[in-house]
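Me: I would like to learn how to read a protein model step by step, starting from single residues and moving on to pockets, contacts and backbone angles. Could you take me through one?

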Amino acid sequence: EYDNLRKRSIKEKECCYNDACCDAVSLFLPVLDNLERARGYTDAGSVTKGIELIIKDIKATFEKLGIAEIETEGKKFDPNLHNAVLHIEDEKYGEGEIVEVLQKGYIMGDRVIRYAMVKVAN
């Protein structure tokens, strides 16, 4: 009986994972559609406008999934959210102040998906 319970639990876990993947992918399908449409444009203005709309779509999709950009502007370095890859000495900035974002970071609830890569002062 325990063996049947274990097998059923494994099957349910796989089913939940597959359902979650399908739900997430379905949110990104409109973004893929827009990318495929943008591929057909040749003039720079239309391509730029298309890319801006696609970025807006991706951010909206992230919001639906509960994913947010890690705040960095005007913040102090936090090793739980940021990855300091460059360090500068500059009296204009405070101790541990983030000077530049080299790569945006993303968070979902309390879980960091990708740490923000930053340049830190002093």
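Me: Is Lys-49 buried or exposed?

Reply: Before anything else, please keep in mind that this is a predicted model. For a single residue, the idea is to look at the relative accessible area, where under 20% is called buried, over 50% exposed, and anything in between partly exposed. Lys-49 has a relative accessible area of 55%, so this residue is exposed, and its place in the chain is helix H2.

Me: Which residues line the largest pocket?

Reply: The general idea is that rolling a probe the size of a water molecule over the atoms shows where empty space is left. In this model the lining of the largest pocket is made of Asn-34, Arg-37, Ala-38, Tyr-41, Ser-46, Lys-49, Gly-50, Leu-53, Ile-54 and Asp-57, and the volume of that pocket is about 150 Å³. Lys-49, the exposed residue we began with, is thus one of the lining residues.

Me: Which helices supply the lining, and what kinds of residue are found there?

Reply: Helix H1 and helix H2, the latter covering 44–65, each give at least two residues to the lining of the largest pocket, and the largest share, six residues, comes from H2. By kind, the lining holds four nonpolar, three polar and three charged residues. Two of the lining residues, Lys-49 and Ala-38, are 11 residues apart along the chain, and their C-alpha atoms are separated by 9.4 Å.

Me: Which residues form a nonpolar patch on the surface?

Reply: Here one looks for nonpolar side chains that lie within 5 Å of each other and that each have over 30% relative accessible area. Val-25, Leu-29, Leu-32 and Leu-35 make up such a patch, and together they have about 340 Å² of accessible area. To take one member, Leu-35 is located in helix H1, which spans residues 2–38, and its relative accessibility of 45% is why it counts as partly exposed.

Me: How many salt bridges are there, and how do I recognise one?

Reply: The test is whether a side-chain nitrogen of Lys or Arg is within 4 Å of a carboxyl oxygen of Asp or Glu, and by this rule the count is five salt bridges. One of them joins the side chains of Lys-104 and Glu-69, at 3.6 Å from N to O. Lys-104 is in the loop between strand E3 (98–103) and strand E4 (106–108), while Glu-69 is in strand E1 (residues 67–69), so this pair ties together parts that are 35 residues apart in sequence. Both partners are partly exposed, Lys-104 at 36% relative accessibility and Glu-69 at 37%.

Me: What parts does the salt bridge of Glu-100 and Lys-119 tie together?

Reply: The side chains of Glu-100 and Lys-119 meet at 3.1 Å, N to O. Because Glu-100 lies in strand E3 and Lys-119 in strand E6 (residues 116–121), the pair ties together parts that are 19 residues apart in sequence. Glu-100 is partly exposed, with a relative accessible area of 35%, whereas Lys-119, at 18% relative accessibility, counts as buried.

Me: Which other residues take part in salt bridges?

Reply: Glu-71 and Lys-75 meet in a salt bridge of 3.5 Å, again from N to O; Glu-71 is exposed at 57% relative accessible area, and Lys-75 is partly exposed at 36%. There is also a network of salt bridges that links Asp-3, Arg-6 and Lys-7.

Me: What is the phi of Asn-122, and why would a reader look at it?

Reply: Most residues other than glycine have a negative phi, and so a positive value is a reason to look again. Asn-122, a residue other than glycine, has a positive phi near 50°. This residue is found in the segment after E6, and it is buried, with a relative accessible area of 17%.

Me: How many residues apart along the chain are Glu-89 and Ala-121, and what separates their C-alpha atoms?

Reply: It helps to read the separation along the chain and the separation in space side by side. Glu-89 and Ala-121 are 32 residues apart along the chain, and 5.7 Å separates their C-alpha atoms. Glu-89 belongs to the loop between strand E2 (82–88) and E3, and is exposed, with a relative accessible area of 62%. For another pair, Asn-18 and Lys-92 are 74 residues apart along the chain, with 51 Å between their C-alpha atoms; Asn-18 lies in helix H1 and, at 42% relative accessibility, counts as partly exposed.

How values were computed
Residues are numbered from 1 along each chain as its sequence is written. This is a predicted model: local features need pLDDT of at least 70, side-chain atom pairs count only at pLDDT 80 or more; totals for chains, interfaces and linings use all residues. Side-chain values use heavy atoms; hydrogens and water are left out. Patches are made of residues with over 30% relative accessible area and no salt bridge: like charges are joined within 9 Å, nonpolar side chains (Val, Leu, Ile, Met, Phe, Trp, Tyr) within 5 Å. Accessible areas come from the Shrake-Rupley method with a 1.4 Å probe; for residues, only the protein chains shown count as cover. Helices (H or I, at least four residues) and strands (E, at least two) are DSSP runs, numbered from the N terminus. Buried means under 20% relative accessible area, exposed over 50%, partly exposed in between (1.4 Å probe, protein chains only). On a 1 Å grid over the protein atoms alone, a cavity is a set of points where a 1.4 Å probe fits but cannot get out, and a pocket is an open set with protein on both sides within 12 Å along at least five of seven lines; lining residues have an atom within 4 Å of a point. Grid points are joined across faces, edges and corners, and a volume is the space filled by probe spheres set on the points. Ala, Val, Leu, Ile, Met, Phe, Trp, Tyr, Cys and Pro count as nonpolar, Asp, Glu, Lys and Arg as charged, and the others, Gly among them, as polar.
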